[in-house]
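Biologist: Please take one part of this model and go through it closely, strand by strand. After that, place it against the rest of the assembly.

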Amino acid sequence: MQIEGIVTQQPTMGSLKRKSPEEPSASSSLPLHDCVHHVSYPPDYTHPSSPPTQTHAEPAKKFPFTLDPFQSQAITCLENGESVMVSAHTSAGKTVVASYAIAMSLRDGQRVIYTSPIKALSNQKYREFKEEFSDVGLMTGDVTIDPNASCLVMTTEIWRSMQYKGSEITREVAWIVFDEVHYMRDRERGVVWEESIVLSPKNSRFVFLSATVPNAKEFADWVAKVHKQPCHVVYTDYRPTPLQHYIFPSGGDGLYLVVDDKGKFREDSFQKSLNALVPTTEGDKRKENGKRQKGLVLGRVGEESDIFKMVKMIIQRQYDPVILFSFSKRECELLAMQMAKMDLNGDHEKDNIEQIFNSAMDMLSDDDKKLPQVSNMLPLLKRGIGVHHSGLLPILKEVIEILFQEGLIKCLFATETFSIGLNMPAKTVVFTNVRKFDGDKFRWISSGEYIQMSGRAGRRGIDERGICILMVDEKMEPSTAKNMVKGAADSLNSAFHLSYNTILNQMRCEDGDPEKLIRNSFFQFQADRAIPDLEKQIQLLEKERESIVIEEENSLKDYFNLLEQHRSLNKEVRDIVLSPRHCLPFLQPGRLVSLDCTSSDEDLTPVFIEDQLTWGLVINFERVKSVSDDDASVKPEDASYNVDVLTRCVVKKDKIGKKSIKIVPLKEAGEPLVVSVPISQVNTISSLRLFIPKDLLPLEARENTLKKVLETLSRFGEKGLPLLDPEEDMKIQSSSYKKASRRIEALESLFEKHEIAKSPLIKQKLKVLQRKQELTAKIKSIKKTLRSSTTLAFKDELKARKRVLRRLGYATSDNVVELKGKVACEISSADELTLTELMFNGVFKDIKVEEMVSLLSCLVWQEKIHDGAKPREELDLLFMQLQDTARRVAQLQLECKVEIDVESFVKSFRPDIMEAVYAWAKGSKFYEIMEITQVFEGSLIRAIRRLEEVLQQLIAAAKSIGETQLEAKFEEAVSMIKRDIVFAASLYL
Amino acid sequence: MRGIQLPLSQTQKVRLQKTLEQLESLSSKVNSDASVIIADSIPVNHEDGVLKGHGTADLNGEVVATVCGVVERVNKLVYVRALRSRYKPEVGDIVIGRVAEVAQKRWRLDINFNQDAVLMLSSMNMPDGVQRRRTALDELNMRCIFEENDVVCAEVRGFQHDGLHLQARSRKYGKLNRGQLLTVPPYLVKRQKQHFHHLEEFGVDLILGCNGFIWVGEHIEAKDDMVEDQVSQSDPPVLLHNSASLEEQEKNYTILEIRKYICRAANAVRVLSILGFNVTLEIIKGIIDLSLSMNLDIHEMLGSEFCVLVAEKEAERRSSNKKKR
């Protein structure tokens with residue numbers, strides 16, 4: 001391990017005075033940071049004449065440390081009985097505000113609700129609050145503890161459904177704490193936050209805790225408007241422990257400080273780091289195209305992998321504990337496997353770990369203890385290495401969290417999920433990759449994600465500073481890196497969408513109106529916000545348009561239109577002539593053709609100027625191989641072709657080293673090159689052919705040939721080269737050609753007559769006119785967006801969706817919910833329409849309970865698995881029934897003008913875990929079902945738990961239609977799957 | 001004609017007969033052969049996976065009706081919609097009930113269901129509008145909110161372990177006073193998007209409870225519960241109401257004209273109930289207008305002549321509606 005080279009970049013730990021860990025850093029760092037405080041008032045809000053009188057002398061809760069300014073600011077707002085949005089980094093200590101709100105509500109005999117996005121997080125918070133306040137209950141989809149307590153911890157989904165169903169709690173809750181409210185931008189679940197906030201009781205107050213979002217003020221404005229109450233914003237960028245950002249180039253062996261703890265970006269050091277990047281050889285690059293992690297994972301033979309070097313260095317420098325983030329579960333495990341040789345714990349720690357681990361695992365049955373995931377984990381943990389991702393058994397995940405908090409795990413490989421939630425900081429955070437796969441492509445990590453994950457670095461009161469290491473395995477622009485490391489947080493944007501369940505639930509109650517919900521949504525609020533901006537834009541553009549004055553505008557316009565027509569007709573003719581059927585016989589080597597080209601001076605070529613043309617010699621032509629080239633099916637006439645043409649080009653290399661070739665006019669500077677162009681780029685074909693030398697490889701030969709072309713050109717001079725006549729030479733007989741050519745002739749005669757064509761400066765005038773028309777088009781398009789944002793967003797979609805509900809018999813045309821609609825109201829954990837249709841078509845009636853459970857698993861399983869085995873025939877038949885139903889539902893939605901992709905909707909139901917769930921319902925042991933499926937243990941458990949949720953909803957649905965047999969069947973299904981490790985209680989409870 | 005209890009003259013009888021026949025011919029005949037009585041077997045054509053809903057039972061592999069009514073089918077679900085049954089609550093229904101008992105933390109309400117409904121103290125908004133936990137004091141003061149025999153409007157929340165629960169989502173639910181409570185057979189009230197109506201021209205509120213209890217009363221401006229009145233919060237809620245002061249009586253006084261309209265609307269509902277017609281806002285308005293245009297006294301509205309006239313008008317309306325389609 002070479003570390004001498006980087007001594008200069010090493011943080012100078014020794015020279016700095018160490019602060020004792022007990023000393024609260026807040027008091028000393030007070031002047032170092034500040035917080036921004038705003039208040040949003042609802043429109044026409046009248047301030048209460050006198051400030052609230054009942055100020056409590058005694059705070060509801062005293063903290064053993066001095067509060068940071070943002071904390072005390074937020075708490076003041078709470079004491080005044082006003083809502084507050086706290087936007088700060090994960091580690092800054094937002095929980096203080098939440099726990100104060102709870103303490104205050106308990107003091108005043110009010111109820112308080114704490115919602116969080118994740119069940120596991122709810123469990124952890126429940127434990128934390130329970131220890132402090134005792135009068136605390138928990139409600140998640142899995143477990144309900146003491147629902148009558150004054151402080152209720154729940155998932156946001158539960159809170160939403162409580163508001164739909166109506167619950168005593170909604171009338172007693174004074175404070176609602178939304179933790180991690182930035183989840184609202186989540187594409188799938190974000191809408192739950194929005195609905196919950198809109199539907200919340202009007203007299204309650206809110207505490208929003210969020211990561212740093214730049215538009216916190218906008219959010220507060222929205223809350224103030226919807227709930228007609230002031231909402232404060234307390235925003236701070238402050239980190240209790242400053243961060244240093246390093247880059248570790250792949251294959252290199254040192255760290256480079258790119259951002260120091262003052263927040264300064266060091267360009268020079270960044271460049272140095274990139275230069276140290278060991279370039280992978282060309283061959284390697286091609287091989288790992290798309291699978292860029294390979295090099296990181298495998299390492300080179302006989303050498304230690306980068307990740308091993310990295311961890312070793314971190315341990316040597318005592319930068320542990322460290323969290324290494326990667327973006328896939330598999331990668332996480334593979335990386336951890338490479339640490340096999342490392343041992344980071346002493347004997348005493350090992351004993352401790354074993355004890356904690358075994359006592360936690362005692363909850364499991366002996367069979368479950370034998371699960372490979374369980375038995376393989378302990379040796380790894382004992383060496384101080386952990387893995388944390390959603391594919392783990394929940395119980396293992398929790399053990400690992402506990403061990404990490406106890407400091408017994410020095411090196412944790414985690415996925416992004418570890419970056420939200422409970423305070424589990426490390427000294428160092430490593431990003432094993434700078435790109436992440438987001439469903440369709442690999443992209444750079446966004447600055448928001450970077451901020452969230454790097455927030456885990458630096459333990460308050462223990463570390464002087466947090467360290468963030470970015471492992472870079474490819475060249476990146478300094479601006480990209482700067483953006484990532486120093487960029488702004490992602491802003492909070494609405495991800496609102498309508499679900500049938502929401503619409504039905506709103507329609508069902510007298511006051512509910514889906515339109516009202518939309519009108520109050522953050523989405524609508526943001527759309528409304530854009531209006532003044534758009535209006536301003538229109539005004540500016542209109543002004544600009546007015547300022548353009550053209551003489552004789554009308555006749556000019558006329559002329560312009562003629563030109564346009566002429567142009568489009570010419571294009572039509574060209575398309576016919578250049579169709580492969582017609583032109584291929586004439587593309588012999590040596591044929592002179594003219595090509596479209598761009599002039600070297602990059603001026604906007606207005607439409608009326610003739611296209612820039614250049615000439616070249618045809619060398620060859622070849623068929624373009626399309627992706628799915630099936631030679632038999634595509635006729636030679638229909639295939640597309642490329643022509644190799646010798647002409648003058650300019651070759652440019654951009655910074656990445658990618659070559660770009662541009663064809664330029666013959667007389668300009670450039671190299672003579674043979675380029676391959678699509679046939680459509682050919683403009684005309686001349687009737688001449690020139691001789692081409694046999695060998696074109698030497699530059700000289702090519703240069704000479706081009707000279708000959710120039711010579712020929714000049715010989716014909718003004719008239720231009722003779723062209724192939726479409727009718728006589730090429731024998732084109734089609735009627736469309738004849739029609740077009742006749743019209744061109746007619747147009748050309750019109751040009752002659754047009755007097756304005758003769759006026760001087762015609763070109764400039766036309767240019768101005770074109771500009772004016774462009775402006776008009778632009779104004780039109782902005783006006784269109786303006787119109788769509790002033791009208792209710794989603795209005796059309798709501799209409800379409802209501803149409804679907806009517807067609808399926810879920811609601812009447814008077815918006816009264818019918819029997820089927822009432823069933824769909826109950827179903828919120830799976831696709832409500834498909835499931836309701838399945839139920840009403842009697843699919844569940846005659847099949848066995850195991851089969852039914854297995855069928856339902858398709859509705860809750862979302863992960864994609866490649867080449868998963870097909871389920872057995874009976875199950876496959878059922879699955880086909882499901883697909884049929886789904887297709888019908890989707891088709892109907894399409895007919896009702898709901899935007900939906902039928903096939904991808906059908907494909908969203910996946911049969912991957914049918915067999916496994918079937919076996920589980922049959923009573924198999926968990927290790928047995930893990931043998932028949934390849935999915936991660938944790939994923940399967942999550943799916944089965946969700947399945948149980950769906951079953952509970954189906955029980956309620958069956959009850960409402962009075963089908964007792966079906967109800968009993970669902971009950972039986974629940975009792976069959978709810979057992980053992982899958983429903984093992986959380987360790988936090 | 002069966003069931004209609006009216007002293008009719010011969011001509012009125014003929015007219016009514018004719019109207020009813022006309023109405024019958026107008027009604028859709030889809031379900032005419034689907035009426036069943038108890039123990040009738042319902043043909044299902046030996047289809048697979050038939051779901052047997054309310055009012056049906058399985059008897060030796062046959063689906064039989066357990067109530068008298070009309071067979072309804074939704075896809076593969078078969079159920080019998082009972083005629084002339086008691087009210088059967090569904091989640092989200094607006095109902096009106098009469099307080100039967102004040103119990104621990106709850107009121108029990110008679111809502112014409114086969115059991116009393118429960119309205120929890122915590123399911124009511126507090127009079128002071130403050131969001132807080134209910135205390136023992138609140139419980140002691142429950143009679144200040146509702147006491148026995150009060151008429152209360154609420155929404156059906158659903159079945160809990162201890163019975164049918166109601167709730168009051170907003171300020172517009174709650175105690176009803178200064179008006180009349182009418183009871184009609186529940187099947188005459190169809191579920192609609194709106195059950196709260198304000199007849200502006202008469203200054204009358206009309207609430208069509210799904211349970212067949214209909215409220216006609218003086219219009220009360222619904223306080224928008226979104227804007228919490230800052231002033232009212234500081235006012236301590238009046239907890240004792242022993243002596244109704246003169247001022248209060250003044251406040252509770254309903255002017256004669258409105259009282260007359262209330263009676264008129266109430267009689268309109270009564271007419272519909274006598275005739276066995278659906279009770280909807282549109283028809284009630286029509287009847288009130290009809291009675292006004294004929295200059296009828298309120299009590300005359302219940303006379304046979306007016307009833308027959310209403311029936312004729314209704315037949316006319318329905319047939320013209322049908323033609324329009």
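Modeller: I start from one pair: Leu208(B) stands opposite Ile214(B) in S16(B). The model is a predicted one, and what follows is computed from its atoms unless a record is named. The pair belongs to a contact between S15(B) and strand S16 (residues 213-218) of chain B, which pair in the antiparallel sense over 5 bridges. These two strands form a hairpin with 4 residues between them. In that turn, Gly212(B) has a positive phi of about 90°.

The other neighbour of S15(B) is strand S14 (residues 196-199) of chain B, paired with S15(B) in the antiparallel sense over 4 bridges. Here Leu199(B) stands opposite Val204(B) in S15(B). S14(B) and S15(B) also form a hairpin, again with 4 residues in between, and Gly203(B) in the turn has a positive phi of about 65°.

S15(B) itself, residues 204-208 of chain B, is mostly covered, with 5 of its 5 residues buried. In a regular strand, side chains alternate between the two faces of the sheet. In S15(B), Val204(B), Leu206(B) and Leu208(B) point one way. Asp205(B) and Ile207(B) point the other way, and all of these residues are buried, the aspartate included.

On the far side of S16(B) comes S13(B), joined to S16(B) by 5 bridges and running antiparallel to it. Gln180(B) stands opposite Val216(B) in S16(B). Put together, 4 strands of chain B form an open sheet in the order S13-S16-S15-S14, with antiparallel pairing. Strand S13 (179-183) and S14 of chain B stand at the edges with a single partner strand each, so one side of each is left without a neighbour in the sheet. From one strand to the next, the twist averages 15°.

A helix goes with this sheet. Helix H6 (residues 256-275) of chain B lies across S13, S14, S15 and S16 of chain B and runs at about 160° to S16(B).

For the setting, chain B has 8 helices and 16 strands. Of its 325 residues, 31% are buried. Among the contacts in chain B with a separation of 6 or more, 64% are accounted for by residues 24 or more positions apart.

Chain A has an open sheet too, made of 9 strands in the order S1-S9-S2-S8-S7-S3-S6-S4-S5, and its pairing is mixed. Its edge strands are strand S1 (35-40) and strand S5 (144-145) of chain A, each pairing on one side only. One parallel pair in chain A is strand S2 (residues 83-87) with strand S9 (residues 231-236), held over 5 bridges. Within that pair, Met85(A) stands opposite Val233(A) in S9(A). Helix H4 (residues 119-133) of chain A lies across strand S3 (111-116), strand S4 (136-139) and strand S6 (151-155) of chain A, at about 170° to S6(A).

A record adds a label here: UniProt, in an unreviewed entry, places the feature "domain: Helicase ATP-binding" at residues 75-231 of chain A. Over residues 75-231 of chain A, the chain is 45% helix and 22% strand, and the end C-alpha atoms are 13 Å apart. Tyr164(A) lies in helix H5 (residues 156-165) of chain A. Tyr164(A) counts as buried because 20 other C-beta atoms lie within 10 Å, and the threshold for that class is 20 or more.

Further along chain A, the axes of helix H31 (residues 849-860) and helix H37 (residues 964-977) come within 10 Å and cross at roughly 80°. H31(A) and H37(A) are therefore roughly perpendicular to each other. Val849(A), Met852(A) and Val853(A) of H31(A) make the contact with Lys969(A), Glu972(A), Ala973(A), Met976(A) and Ile977(A) of H37(A). The residues of this contact of H31(A) with H37(A) divide into 6 nonpolar, no polar and 2 charged.

Last, the two chains meet in a contact that takes 38 residues from chain A and 42 residues from chain B. On the side of chain A, helix H6 (168-172), strand S7 (173-178) and helix H29 (819-826) each supply at least two residues. The residues of that side of chain A divide into 11 nonpolar, 11 polar and 16 charged.

Methods: Residues numbered from 1 in each chain as written. Chains lettered and ligands numbered in written order. Predicted model: local features only at pLDDT ≥ 70, side-chain atom pairs only at ≥ 80, totals over all residues. Buried ≥ 20, exposed ≤ 12 C-beta atoms within 10 Å, placed from the backbone. Contact = placed C-beta atoms within 7 Å. Pairing = 2+ DSSP bridges. Axes fitted to C-alpha atoms, helices over the stretch in contact; angles between N-to-C directions. UniProt positions renumbered as here; feature names shortened; annotations may be inferred. Parallel < 35°, antiparallel > 145°, perpendicular 65-115°, else oblique. Nonpolar A, V, L, I, M, F, W, Y, C, P; charged D, E, K, R; others polar.
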